[in-house]
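Trainee: I have the sequence and the fold open side by side. Can we go through some local details together?

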Amino acid sequence: MNQNIKGFSKLSKEEKINWITSTYFSNPNEAKDSLTKYWNSDENLQKLHDEFIENTLTNFYLPYGVAPNFIINGKDYTLPMAVEESSVVAAASKAAKFWGERGGFKTTIINTEKIGQVHFIFQGTSEKLNSFFNQIKPQFFLDTAEITKNMQKRGGGILDIELRDKTSEIANYFQLHATFNTKDSMGANFINTCLEQFAKTLEAKANDYDGFTPEEKNVQIIMSILSNYVPNCVVRTEVSCPVEQLSESATIDANEFAQKFATAVKIAEIEPYRAVTHNKGIMNGIDAVVVATGNDFRAVEAGVHAYASRSGQYSSLSHVKIENGIFTFWMDVPLALGTVGGLTSLHPLVKFSMELLQNPSAEELMQIVAAAGLAQNFAALRSLTTTGIQQGHMKMHLMNILNQHQATKEEKQKVVAYFKDTTVTHSLVIDYLEKIRA
């Protein structure tokens, strides 16, 4: 079978679907039906979605849920969450209610600085390059004035530009390391546009610089690109209460729970194998809100995990202390988010999410997202150190198992009732379902 095709992107949507289904599927009509079922009945809305990316065939749905009862800095929120994992929304909601009764989440913006770099090769000494850079540095700001003027009106713009010598790692390799404040936009396009102008200015000025030899004048630009590692775009979120208020059940001793919880966090601080799963739980909450608000969850993930490794070893993002009878659970997390630009003004559900969150600024959204992550982490650790993670998770997964085996409404009711006080496993659910059917 020849699966190569030329000019695929130029085909109509119908032609793309015809080629895909006839080339790869044993039943092309059934495959087409699967795709068209997920088209929006509103043609204009479907066209909007089709044009978000190239070669669109259909829409891929994620459940869009909400987690109510979040109190963040004294303000009530209901958080939008787009996620496929069964227990995420339930866990976040439960943790939000728990901490809402104990004062809620306290959040603080530590910094909002974002970073971009021009990577280049210079065939000369760092001393000579540094002297040249100091002379032309103002020109970088002048040459980007048209690009930055609107951002500056909003209080943002280029904060600083540094020359960094990386020749000890790669021969003749240097960077222009620039910092930015992009206010309510995530700022990727703004930063990259500035960086590409920096590169043009660098090349032009080097070529005209009398202090360089012909070889030194030939600066080689490798690339100009923002960084998704934003260690100075950080928000802190925390919750605290007296230790005796930690227990919701007479069967759980509050002091014992606090100590086990603290030990679980300390294990994640020193054991990378545990830390990865621990932080994944945090990202369950963070990513769900990031996706629902039209932000780039892949950039957030990459930056957060790099931040978790900044000491040289991958470690927990969250921390605990117990002092003078007070339990405090907190986290610092880097989040480069936007509330304007990108999909925020295009995707109807993103606009819905923003209004649901009372149209937050980028800094407010950072705080909301961080609270979702800490809530998720608290819920997971509470389960792990008390009943175990599977009890709650498998209860939520139960409906997925029943849907997979096409259980009727009556069958679902019987199975849910049976497993109310019974451990859920896939095999036990199937056995009981077969028993009902027999």
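Mentor: Start with Asn 172, which is partly exposed at 25% relative accessibility. Keep in mind that this is a predicted model.

Trainee: Where does Asn 172 lie?

Mentor: Look between two strands. One is strand E5 (157-165), the other strand E6 (173-181). Asn 172 sits in the loop between E5 and E6.

Trainee: What is phi of Asn 172?

Mentor: The sign deserves a look. Asn 172 is a residue other than glycine, yet its phi is positive. The value is near 65°.

Trainee: Is Asn 359 buried or exposed?

Mentor: Place it first. Asn 359 is in the loop between helix H12 (348-356) and helix H13 (362-385). Its phi is also positive, about 50°, although it is not a glycine. Exposed means over 50% relative accessible area, and Asn 359 has 54%, so it counts as exposed.

Trainee: How many residues of H13 are buried?

Mentor: H13 has 24 residues. From first C-alpha to last it reaches 35 Å, close to the 34 Å expected. The helix is mostly covered, and its buried residues number 19 of 24.

Trainee: On to charges. How many salt bridges are in the whole structure?

Mentor: Side chains of opposite charge can pair when their charged atoms come close. The cut-off used is a nitrogen within 4 Å of a carboxyl oxygen. A search of the whole structure gives 13 salt bridges.

Trainee: Which residue meets Lys 280 in a salt bridge?

Mentor: The N to O distance is 2.7 Å, and the partner is Glu 85. This pair links distant parts of the chain, 195 residues apart. Lys 280 is in helix H10 (residues 272-292), while its partner is in the loop between strand E2 (75-82) and helix H4 (88-100). Lys 280 is partly exposed at 39%, and so is the partner at 23%, Glu 85.

Trainee: In the pair of Arg 102 and Glu 101, which residue is buried?

Mentor: The closest N and O atoms of this salt bridge are 3.6 Å apart. Glu 101 has a relative accessible area of 53%, so it is exposed. Buried means under 20%. At 17%, the buried residue is Arg 102.

Trainee: What is the N to O distance between Glu 162 and Arg 164?

Mentor: Both ends are partly exposed. Glu 162 has 33% relative accessibility, and Arg 164 has 33%. Their side chains meet in a salt bridge at 3.1 Å.

Trainee: Which residues do salt bridges with shared partners join into one network?

Mentor: Go back to the pair of Arg 102 and Glu 101, which forms a salt bridge. Shared partners extend the set to one network: Lys 97, Glu 101 and Arg 102.

Trainee: Now the open sheet. Which are its edge strands?

Mentor: Four strands run in the order E3-E8-E10-E9, with antiparallel pairing. An edge strand pairs on one side only. That gives strand E3 (106-109) and strand E9 (318-323).

Trainee: By how much are neighbouring strands of this sheet turned against each other on average?

Mentor: Direction is ignored here. The average is 20°.

Trainee: Which residue stands opposite Ile 326?

Mentor: Strand E8 (residues 234-242) and strand E10 (residues 326-334) pair over nine bridges, in the antiparallel sense. Ile 326 is in E10. Opposite stands Pro 242.

Trainee: Which helix packs on the sheet?

Mentor: Check what touches E8 and E10. The helix direction makes about 120° with that of E10. The helix, residues 297-308, is H11.

Technical notes:
Residues numbered from 1 in each chain as written. Predicted model: local features only at pLDDT ≥ 70, side-chain atom pairs only at ≥ 80, totals over all residues. Heavy atoms only, no water. Buried < 20%, exposed > 50% of the residue type's maximum accessible area, 1.4 Å probe, protein only. Expected span 1.5 Å × (residues − 1). Pairing = 2+ DSSP bridges. Axes fitted to C-alpha atoms, helices over the stretch in contact; angles between N-to-C directions. Contact = heavy atoms within 4.5 Å.
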